[in-house]
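Hello,

Here is the structure I promised to pass on. Please open it alongside this note.

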Amino acid sequence: MQIWVDADACPKAIKDILFRAAERTHVTTTLVANHYLATPPSRHIKFLQVSSGFDVADNEIVKRLETSDLVVTGDIPLAADVIGKGGHAINPRGERYTRENINECLNMRDLMETLRASGVETGGPSALGPRDIQAFANQLDKFLAQQGINNVC
């Protein structure tokens, strides 16, 4: 089991939590992005730079994903692909995407996209706050515990 991070838009606070979890649990965590990202020196943290282009990072994650891997992403179509391939997905606000809720999430995303395309001002998501960061940390810990991964250090 390893963790994949759709890192182009992943907030720094979430990456920091992932870096600490990788060190604590010895779970390989790979950040995938189309531009260079600095990562702390660690044998458990990797960086994969992909070429620029629409969904290049997403496609690379899905290609390399194995059943039971976790993907951290706010991209709902990517989360749907991950779940369809037998993986797990959590967004940076701590919401876990599942077989039970992914279609509803996709439908809501499509509805909002349609509204925006028709000129309706929908606003964007609120800024990531302390509650979101804590929710993510809690969901990550819960997921790792469900996988039988406890603190190694």
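Below is what I found, starting with one helix and ending with the cores.

Keep in mind that this is a predicted model.

**Helix H1**

H1 covers residues 12-25. At 1.5 Å a residue, its 14 residues should span 20 Å. The C-alpha atoms at its ends are 20 Å apart, so the two values agree.

Several H1 residues are buried: Ile 14, Lys 15, Ile 17, Leu 18, Phe 19, Ala 21, Ala 22 and Thr 25. Note that a lysine is on that list. What covers them? The cover includes four strands, E1 (3-6), E2 (29-33), E3 (45-49) and E4 (70-72). Helix H5 (130-146) is also part of the cover.

**Two positive phi values**

Most residues other than glycine have a negative phi. Two residues here are worth a look on that count.

His 26 comes just after H1. It sits in the loop between H1 and E2. Its phi is positive, about 65 degrees, although it is not a glycine. His 26 counts as partly exposed because its relative accessibility is 34%, between the 20% and 50% cut-offs.

Asp 55 lies in the loop between E3 and helix H2 (56-64). Its phi is also positive, near 65 degrees. Asp 55 is partly exposed, with a relative accessible area of 28%.

**Asn 91**

This residue belongs to the loop between strand E5 (88-90) and strand E6 (96-97). Is Asn 91 buried or exposed? At 8% relative accessibility, Asn 91 counts as buried, since the cut-off is under 20%. Its side chain reaches the backbone nitrogen of Arg 93 at 2.8 Å. Leaving out residues up to four places away in sequence, Asn 91 touches Thr 73, Gly 74, Tyr 97 and Phe 136.

**The nonpolar cores**

The largest nonpolar core has 24 residues. Which of them touch the most other members? They are Ile 3, Val 5, Ile 14, Leu 18, Leu 31, Phe 136 and Leu 140. E1, H1, E2, E4 and H5 each give two or more residues to this core. H1 gives the largest share, six residues.

Ile 14 is a good place to start looking. Again leaving out residues up to four places away in sequence, Ile 14 touches Val 72, Pro 92, Leu 128, Ile 133 and Phe 136. Phe 136 is thus a contact of Ile 14 and of Asn 91.

Another core, of 18 residues, lies apart from the largest one. Among its members are Val 32, Val 50, Ala 79 and Ala 89.

Best wishes

Methods
Residues are numbered from 1 along each chain as its sequence is written. This is a predicted model: local features need pLDDT of at least 70, side-chain atom pairs count only at pLDDT 80 or more; totals for chains, interfaces and linings use all residues. Side-chain values use heavy atoms; hydrogens and water are left out. The expected span of a helix is 1.5 Å times one less than its number of residues. Buried means under 20% relative accessible area, exposed over 50%, partly exposed in between (1.4 Å probe, protein chains only). Contact means heavy atoms within 4.5 Å. A polar contact is a pair of N or O atoms within 3.5 Å; within protein, one must be able to donate a hydrogen and the other to accept it, and residues adjacent in sequence count only if both atoms are side-chain atoms. A nonpolar core is a set of buried Ala, Val, Leu, Ile, Met, Phe, Trp, Tyr and Cys residues joined through side-chain atoms within 4.5 Å.
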